[in-house]
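Work through the exercises below with the sequence and the model open. Each task is followed by a solution in steps.

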Amino acid sequence: MITPNFKLSAVALAVSSLFVFESAQAQSETVNTNKTQEEQTKKSKEETKNPEEKAKALDSMRKASAQKNAALLKAAPEQNSQVVQKVTVNGSKQSDIDLRRNSIAGKIIVGREELDRDGDSSVGEILKRLPGVTTGGRPGRGGDIRMRGMGGGYTQILLNGERPPRGFSMESLSPDQVERIEVMRGPVAEFSTQAIAGTINIVLREEYHPKDVDLKLSLGMEQGRVAPNLSITYPGQLGELNYALSASIFKNGQNDYGTSQRIEQADDGRIQLVQDQIDQTKRESSGIHFTPRFSYKFESGDNLTVQPFLMTSRSHSRTSSAITQTPELPDPVTHLAPVASANSNGNSDSTFFRFNSNYQHRFEDTAKLTLKIGGGVGRSNSDSYRTQYASNGNQLNVITDVNNTRDNSFSTGGKYTTPVGDKQNLAAGWDIENSQREQKRVSLDNGRPQFSDSGDNLDASTRRVAAWVQNEIDINAQWSGYAGLRWEGIKTHSSRSNYIVDNSTSVFSPIVHAVYRIPDFGKDQIRMGLTSSYRAPSLNDVIAVPAISPLNGPTRPDRTGNPNLKPELSRGIDVAYEHYLKSAGIMSVNLFVKNIDDLIRRRTEQVKVGNELRWVNSPINIGHALAKGIELEAKFQTQEFFPEGPAIDLRTNYSRFWSNVDDVKGPNNRLDQQPTQTANLGMDYRVSGLPLSMGGNINWTPAYVNQTSDTQTSSYGIKRQLDVYTLWKLSPNAKIRLSASNLQANDSVNGTTVYVGGVHYLQSNRSKTYTVFNLRLELKL
């Protein structure tokens with residue numbers, strides 16, 4: 001029987017032998033390079049000896065080398081112990097590139113270095129630079145995150161592998177509270193398969209070495225308004241309890257300026273109406289994030305981790321609007337004069353708290369069981385007060401909206417993992433999640449409900465149940481595979497005073513991934529995936545809670561839900577080639593095709609609500625769509641190819657998207673809000689001889705047009721954003737960073753066209769964007 005001590009000694013001997021051999025080889029190479037011309041001439045003469053003498057000489061050299069190596073190995077015990085000690089204590093952590101390469105399913109890892117690099121104030125600003133990722137909204141004001149160009153709802157956002165609480169905004173999450181971001185292009189059975197475009201998992205700050213206390217103080221500047229932000233991470237240890245206390249506090253103010261124009265034009269070209277509007281908004285907001293983490297290791301080897309998450313924020317806004325209309329026609333329903341100006345005030349505050357706990361038990365056969373329990377509560381309150389006036393200054397009406405929402409959630413699950421032989425890892429698990437929403441909303445126009453049911457209370461609940469199994473296998477040196485199956489059931493129930501809505505769906509999702517490591521091509525590999533995923537209707541899409549538009553019309557409709565919606569189902573193919581460079585760089589090409597059934601699309605129509613006609617936008621299932629694309633990426637150091645060149649890191653990616661919706665006529669019948677392409681180009685430069693580095697990134701999405709229905713078209717202007725930064729290392733534990741976001745500050749432009757009853761309704765919007773400067777001091781105490 002081989003004992004552990006014998007194994008350790010053998011490993012130590014092998015490591016030290018390799019060390020001694022390399023040292024001897026290095027010394028030999030040094031001697032050889034310093035040989036005199038005379039020795040080289042002598043060697044040349046010896047090579048001309050007859051074969052018998054040459055063979056004897058070689059045999060003598062081998063014996064001498066063997067005796068020398070034996071003597072060196074005999075004298076190596078002290079070196080052996082030193083080498084073993086070094087390997088045991090200083091085990092290295094895998095880099096982001098290594099984690100990406102070793103994953104069977106396609107994954108991009110964004111670690112702390114990249115999170116800190118550009119001095120971004122929000123996670124969304126970081127994600128927009130990744131391959132195939134775009135953001136809604138205008139630069140500097142955030143928006144929903146979209147992978148592969150697909151609109152909102154196709155990308156799954158997770159927080160520590162769990163669904164974030166309702167109302168959670170990625171834009172309000174400081175990068176300082178994040179440990180890493182995992183971007184998964186293809187679904188896996190362990191996580192929900194509500195990820196037709198992909199999954200973004202935000203992992204909050206983890207444990208730190210006890211000596212590292214991170215303190216970051218930043219001052220942002222936009223149009224002369226200062227936005228302070230303070231972030232701190234304090235780690236510690238009490239016996240077997242490790243903890244890291246992370247928190248940040250922020251405050252900012254913003255001014256927004258936008259113009260819009262609405263034109264109604266008949267088929268004969270006659271302009272029936274022109275309406276111009278100017279909006280100016282001032283907004284102040286503040287918030288606190290608290291993300292501690294506690295980890296306790298039991299004597300048995302079991303481990304318990306608890307991570308709470310608290311986010312609280314509040315904001316106040318004031319908006320003034322000026323409206324001109326030609327000709328000045330009275331409202332067709334109320335017969336009042338047209339609105340010429342309006343003043344609005346709005347307040348909102350929200351608090352979300354969630355905790356995740358994870359208990360891990362290891363069995364003697366190396367299997368392990370992980371149990372998790374989580375829960376959360378949230379509240380969101382908002383109110384708005386809008387007064388509208390005629391051109392002569394007379395008050396026309398007062399529109400008020402008060403919304404109070406309460407959310408509660410509870411989740412539990414588990415995972416059992418066991419190796420099968422030396423090359424397989426089998427895992428199975430389950431997930432259960434229950435959430436409850438209570439909403440009280442009152443929307444009044446001059447004291448009268450805007451909708452006949454406005455003011456009713458809403459109770460809604462969602463239950464998710466899932467079971468899954470997956471197997472990872474190393475088939476041989478070249479092939480690794482993954483097979484998974486997940487079943488997910490979702491039931492939504494809501495009740496109001498006059499009706500009850502029930503919506504139930506269930507989905508089976510088989511998933512297969514494979515990696516082929518190309519022989520004799522270094523670390524290069526090919527990825528393949530056959531996946532099933534889906535997109536469930538959101539709660540607001542299912543429950544018919546109205547959202548009122550003060551200036552109701554075909555281009556500014558009210559929004560409501562549809563209780564009969566079905567989920568979108570998708571089957572996808574992914575193929576990728578990854579070329580890994582020596583200096584932690586990568587070049588990759590990724591191709592994907594997504595086949596989507598029961599596509600959900602919002603439609604606008606005029607309906608009778610109470611005693612008046614209003615334009616209402618609601619979702620429906622319309623049929624089939626096909627989406628495909630190519631994503632190119634390159635990240636490398638220029639010294640990889642030009643060793644004598646400057647220390648520059650280059651980052652670039654380009655994505656091209658295509659899609660078509662069968663039930664919508666072309667030529668631009670793509671998925672809603674899908675651009676045709678997007679690209680990024682970034683650079684980091686380390687100045688030789690100085691503790692100074694600088695860099696920047698330009699993000700580009702061209703203008704594009706979407707045909708959302710046979711009668712409605714949406715257009716989006718070009719989007720360019722240039723960000724730059726400089727970083728000065730004052731000392732090993734102190735840095736100062738200056739960054740500028742959105743240097744060009746181009747206007748954001750979009751529009752909508754609706755054709756109804758022989759009239760073209762055209763709506764165009766233009767909003768200013770602004771450059772944001774940020775000065776940040778980073779300390780390790």
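How many bridges join E7 to E35, and in which sense do the two strands run?

**Solution 1.** The model is a predicted one. Eight bridges join E7 to E35, and the two strands run antiparallel. A position to check in this pairing is Ser218, which stands opposite Arg776 in E35.

**Exercise 2.** Describe the pairing of E7 with E8, and sort the side chains of E7 by face.

**Solution 2.**
Step 1: E7 covers residues 214-222 and E8 covers residues 225-238. They pair in the antiparallel sense over nine bridges, and Asp214 stands opposite Thr233 in E8.
Step 2: The connection is a hairpin with two residues between the strands. In its turn, Gln223 has a positive phi of about 50 degrees.
Step 3: The side chains of E7 alternate. Asp214, Lys216, Ser218, Gly220 and Glu222 point to one face and are buried. Leu215, Leu217, Leu219 and Met221 point to the other face and are not buried.

**Exercise 3.** Which residue forms a salt bridge with Asp176, and why does the pair tie together parts that are apart in sequence?

**Solution 3.**
Step 1: The partner of Asp176 is Arg776, with the closest N and O atoms 3.4 Å apart. The cut-off for a salt bridge is 4 Å, so the pair qualifies.
Step 2: Asp176 lies in the loop between strand E4 (155-159) and strand E5 (178-184), whereas Arg776 is in strand E35, so the salt bridge ties together parts that are 600 residues apart in sequence.
Step 3: Asp176 has a relative accessible area of 5% and is buried. Arg776 is buried as well, also with a relative accessible area of 5%.

**Exercise 4.** Where do Arg651 and Asp684 lie, and which network includes them?

**Solution 4.**
Step 1: The side chains of Arg651 and Asp684 meet in a salt bridge, at 2.9 Å from N to O.
Step 2: Arg651 is in strand E26 (residues 647-661) and Asp684 in strand E27 (residues 677-686). The pair links distant parts of the chain, 33 residues apart.
Step 3: Both Arg651 and Asp684 are buried.
Step 4: Salt bridges that share partners join Arg651 and Asp684 into one network with Glu114, Arg117, Asp118, Glu125, Lys128, Arg129, Lys635 and Asp723.
Step 5: Within the network, Lys128 forms a salt bridge with Glu125, the closest N and O atoms being 3.0 Å apart. Lys128 and Glu125 are both buried.
Step 6: For the chain, the count comes to 46 salt bridges.

**Exercise 5.** Is Thr771 buried or exposed, and which residues does Thr771 touch?

**Solution 5.**
Step 1: Thr771 is found in the loop between strand E34 (759-767) and strand E35 (772-780).
Step 2: Its relative accessible area is 16%. The limit for buried is under 20%, so Thr771 is buried.
Step 3: Leaving aside residues up to four places away in sequence, Thr771 touches Met221, Glu222, Ser741, Asn742, Leu743 and Ala745. Met221 and Glu222 belong to E7.
Step 4: A polar atom of the Thr771 side chain lies 2.8 Å from the backbone oxygen of Asn742. The backbone oxygen of Leu743 lies 3.3 Å from a polar atom of that side chain.

**Exercise 6.** Which backbone features deserve a check at Ala584, Ala745 and Pro327?

**Solution 6.**
Step 1: Most residues other than glycine have a negative phi, and most peptide bonds are trans.
Step 2: Ala584 has a positive phi of about 60 degrees. Ala584 sits in the loop between strand E23 (568-580) and strand E24 (586-609) and is exposed, with a relative accessible area of 53%.
Step 3: Ala745 has a positive phi of about 50 degrees. The loop that holds Ala745 lies between strand E32 (734-741) and strand E33 (748-756). Ala745 counts as partly exposed, at 23% relative accessibility.
Step 4: Thr326 and Pro327 are joined by a cis peptide bond, with omega about -10 degrees. Pro327 lies in the loop between strand E12 (303-326) and strand E13 (341-362).

**Exercise 7.** How many helices and strands does the chain have, and what percentage of its residues count as buried?

**Solution 7.**
Step 1: The chain has eight helices and 35 strands.
Step 2: Of its 781 residues, 44% count as buried.

Definitions and conventions
Residues are numbered from 1 along each chain as its sequence is written. This is a predicted model: local features need pLDDT of at least 70, side-chain atom pairs count only at pLDDT 80 or more; totals for chains, interfaces and linings use all residues. Side-chain values use heavy atoms; hydrogens and water are left out. Helices (H or I, at least four residues) and strands (E, at least two) are DSSP runs, numbered from the N terminus. Buried means under 20% relative accessible area, exposed over 50%, partly exposed in between (1.4 Å probe, protein chains only). A polar contact is a pair of N or O atoms within 3.5 Å; within protein, one must be able to donate a hydrogen and the other to accept it, and residues adjacent in sequence count only if both atoms are side-chain atoms. Contact means heavy atoms within 4.5 Å. Two strands pair if DSSP finds at least two bridges between them.
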